[in-house]
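Visitor: I'm new to this one. Could you pick a single part and take me through it slowly, explaining the terms as you go?

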Amino acid sequence: SFASYKPSDYSMHKMTGLQDQIAGRKNFSAKPYSFRGYRRIRTGYPELDTVIDGGLPRKGLIVFKIDPDINTTAITAFFSRIISSFIKRNNPVLIQPIKNASPQMILAFLKSYLGYIPDNKIFRILWSDTKDSDTKQYIDPIQYTLVKNSQSGLIERNIEMTRSMHQDALMLSIFGYEQIKGLDEELRQRQTSIFSYLNKNTDITMVVGMSGEPCYPQFESEADMKFEISLVKGTLFLKPVLPVGPIFAITTHKVDGFPRMRLQLLV
């Protein structure tokens, strides 16, 4: 038996004062660490890595299908552990906020895992709203024009900039279905495929969407791995769909006021 899923368990109580925290960690320098030559990349969830041959396949397309009844904070908590695992090893991450997750929320979760807030050279958020000064440094000013004219242009520019600064490191990109669909349509006009583009420019791409979204089947046939995160009778579950694997219950506990995700294998 597992404790019932409660959205309140994922509430954030320390999302204020980010500007002071950013100023306090400017001199932080991560130790260089490269995954060059690795075929499998750890997720940050050792229990999951054990059943998927050591981690995610490099150059892989990973699809997550999420129950729409699961709230944004819980989804952000789950992916923050994966993101922080990459950043800890000095590998860059590019993310399009998932299900309306705010930059403040994402940064707060990352700080709970890392102990510091990563700078925008290693962590870039594709976000077009700069009203919040605490997250202003993560927003590329040119994004306003790109968002209006071309969602795919925004994605391409940030991938190229991030890769230019981290040529020998592993790069993780996370997109929602709608954003990746826009990139797909523009690349088709150039007579190339989105899968060729992502394989060439990133090391792992995660596409995240809600169950029932119409664009999901377009990527299902090309995915190297597929997962479902669902809410069943009051419990959150992670289910590997491709390849088929054992189901995990997703539980949480608080560390200094921040929710931390854990996976418990069902046997």
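Guide: Let's start with a pair of opposite charges: the side chains of Arg 58 and Asp 203 form a salt bridge, with 3.0 Å from N to O. That term stands for a side-chain nitrogen of Lys or Arg within 4 Å of a carboxyl oxygen of Asp or Glu. The two partners come from distant parts of the chain, 145 residues apart. Arg 58 sits in the loop between strand E2 (56–57) and E3, while Asp 203 sits in the loop between H8 and strand E7 (204–210). The H and E labels are DSSP runs, numbered from the N terminus: helices (H or I) have at least four residues and strands (E) at least two.

A quick word on what you're looking at: this is a predicted model, where local features need pLDDT of at least 70 and side-chain atom pairs count only at pLDDT 80 or more, while totals for chains, interfaces and linings use all residues. Residues are numbered from 1 along each chain as its sequence is written, and side-chain values use heavy atoms, leaving out hydrogens and water.

Back to our pair. Arg 58 has a relative accessible area of 27%, so it counts as partly exposed. Asp 203, at 2%, is buried. Buried means under 20% relative accessible area and exposed means over 50%, with partly exposed in between (1.4 Å probe, protein chains only).

Asp 203 has another partner too: it makes a salt bridge with Arg 163, whose closest N and O atoms are 2.7 Å apart. Arg 163 belongs to helix H6 (residues 151–165) and Asp 203 to the loop between H8 and E7, so this pair ties together parts 40 residues apart in sequence. Arg 163 is buried as well, at 18%. The structure holds 2 salt bridges, and Arg 58, Arg 163 and Asp 203 are linked in a network of them.

Now look at Thr 202, which is also in the loop between H8 and E7. With 1% relative accessibility, Thr 202 counts as buried. Its side chain reaches the backbone oxygen of Leu 198 at 2.8 Å, and it makes a polar contact with the side chain of Thr 205 at 2.9 Å. A polar contact is a pair of N or O atoms within 3.5 Å; within protein, one must be able to donate a hydrogen and the other to accept it, and residues adjacent in sequence count only if both atoms are side-chain atoms. Not counting residues up to four places away in sequence, Thr 202 touches Lys 59, Ile 159, Arg 163, Met 171 and Ser 173. Touching, or contact, here means heavy atoms within 4.5 Å.

Next comes Asn 201, in helix H8 (residues 194–201). Asn 201 is buried at 16% relative accessibility, and a polar atom of its side chain lies 2.8 Å from the backbone oxygen of Tyr 197. Leaving aside neighbours within four places in sequence, Asn 201 is in contact with Ile 159, Arg 163 and Met 171.

Finally, take in H8 as a whole. Its buried residues are Ile 194, Tyr 197, Leu 198 and Asn 201. They are on the same side of H8, because they cover an arc of only 90 degrees around the axis, judged by the directions from the helix axis to the C-beta atoms. The background is simple: an α-helix has 3.6 residues a turn, so residues three or four places apart point the same way.
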